[in-house]
Amino acid sequence: MPIMIQKAEESVIPVLTRIYRASLTLGHISKIWQKSRVVFIPKPDKNSYDQAKSFRPISLSSFFLKIMEKIIDKHIRDYLGNNSPLHDLQFAYQPGKSTETALHHLITKIEDSLERKEIALATFLDIQGAFDNTPHPSILSAKTSSYDGTSSTRTYM
């Protein structure tokens with residue numbers, strides 16, 4: 001499907017734009033867009049593949065839904081960037097920042113502490129299945145509490 005859209009005539013773009021705007025305005029996602037296919041990929045270096053934990057589920061969803069997700073993501077990022085900027089030490093979801101820049105920042109802090117003959121302490125936490133085991137209403141509440149943007153975008157959240 002993506003190649004068909006890339007090769008489509010310019011006349012298709014206004015039609016798609018109207019469809020996406022209507023979807024946003026009405027807070028409605030087409031049932032066809034919501035269908036996905038889950039493929040299970042074996043995790044490397046497992047002794048046995050007889051348990052579900054030995055596989056990583058990959059959800060293959062509609063290309064049109066992926067476009068909608070990108071539109072909404074940009075809208076939310078623009079809104080938050082203008083109205084509620086992320087903290088400087090927030091490394092996720094910010095352009096130019098990554099796990100590498102977070103590690104660099106941490107190592108710099110540790111090296112600075114050691115040079116000043118101070119003690120450097122760090123705590124690392126990895127909660128297995130944290131997102132999967134958190135009640136969905138709690139996630140939605142956390143996501144929408146800091147977002148005062150349009151109600152149609154909130155519907156997609």
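## A walk through the side chains

The charged end of Lys 97 sits over the ring of Phe 91, at 5.2 Å from the ring's centre. That makes a handy place to start, but keep in mind as you look around that this is a predicted model.

From one ring, let's move on to rings that meet each other. There are four aromatic pairs in the structure. Take Tyr 20 and Trp 33: their ring centres are 5.3 Å apart and their planes sit at 40 degrees, so this pair counts as tilted. Tyr 20 belongs to helix 2 (residues 12-26) and Trp 33 to helix 3 (residues 31-34), so the pair ties together parts that are 13 residues apart in sequence. Are these two residues buried or exposed? Tyr 20 is buried, with a relative accessible area of 6%, and Trp 33 is buried too, with 11%.

Stay with Trp 33 for a moment, because its ring also pairs with that of Phe 64. Here the centres lie 6.0 Å apart and the planes are at 15 degrees, so this pair is stacked. If you trace the chain between the two, you'll find that the pair links distant parts: Trp 33 is in helix 3, Phe 64 is in helix 4, and they are 31 residues apart. Phe 64 has a relative accessibility of 19%, and since the limit for buried is under 20%, Phe 64 counts as buried. Put the rings together and you get one aromatic cluster, made up of Tyr 20, Trp 33, Phe 63 and Phe 64.

Now for the charged side chains. How many salt bridges are there? The count comes to three. Helix 4 (residues 63-83) is a good place to look, as it holds both Glu 69 and Lys 66. These two form a salt bridge, with their closest N and O atoms 3.8 Å apart. They are three residues apart, which is about one turn of the helix. Glu 69 is partly exposed, with a relative accessible area of 38%, and Lys 66 is partly exposed as well, at 39%.

Carry on along helix 4 and you'll meet Lys 74 and Asp 78, which are four residues apart, again about one turn of the helix. Their side chains join in a salt bridge with an N to O distance of 2.8 Å. Asp 78 is partly exposed, its relative accessible area being 37%.

Another salt bridge is the one between Glu 118 and Arg 116, where the closest N and O atoms are 3.2 Å apart. Glu 118 has a relative accessibility of 39%, so Glu 118 counts as partly exposed.

The last stop is a serine. Where does Ser 54 sit? Look in the loop between strand 1 (36-42) and strand 2 (55-61). Ser 54 is in a loop, yet this serine is buried, with a relative accessible area of 6%. What is around it? Setting aside neighbours within four places in sequence, Ser 54 is in contact with Ile 41, Pro 42, Lys 43, Lys 46, Ser 48 and Tyr 49. Ser 48 deserves a second look: its backbone oxygen lies 2.9 Å from a polar atom of the Ser 54 side chain.

Technical notes
Residues are numbered from 1 along each chain as its sequence is written. This is a predicted model: local features need pLDDT of at least 70, side-chain atom pairs count only at pLDDT 80 or more; totals for chains, interfaces and linings use all residues. Side-chain values use heavy atoms; hydrogens and water are left out. Buried means under 20% relative accessible area, exposed over 50%, partly exposed in between (1.4 Å probe, protein chains only). A polar contact is a pair of N or O atoms within 3.5 Å; within protein, one must be able to donate a hydrogen and the other to accept it, and residues adjacent in sequence count only if both atoms are side-chain atoms. Contact means heavy atoms within 4.5 Å. A salt bridge is a side-chain nitrogen of Lys or Arg within 4 Å of a carboxyl oxygen of Asp or Glu. Rings of Phe, Tyr and Trp (its six-membered ring) pair if their centres lie within 6.5 Å; planes under 30 degrees apart count as stacked, over 60 as edge-to-face and the rest as tilted. A charge sits over a ring if NZ of Lys or CZ of Arg is within 6 Å of the ring centre and within 35 degrees of the ring normal.
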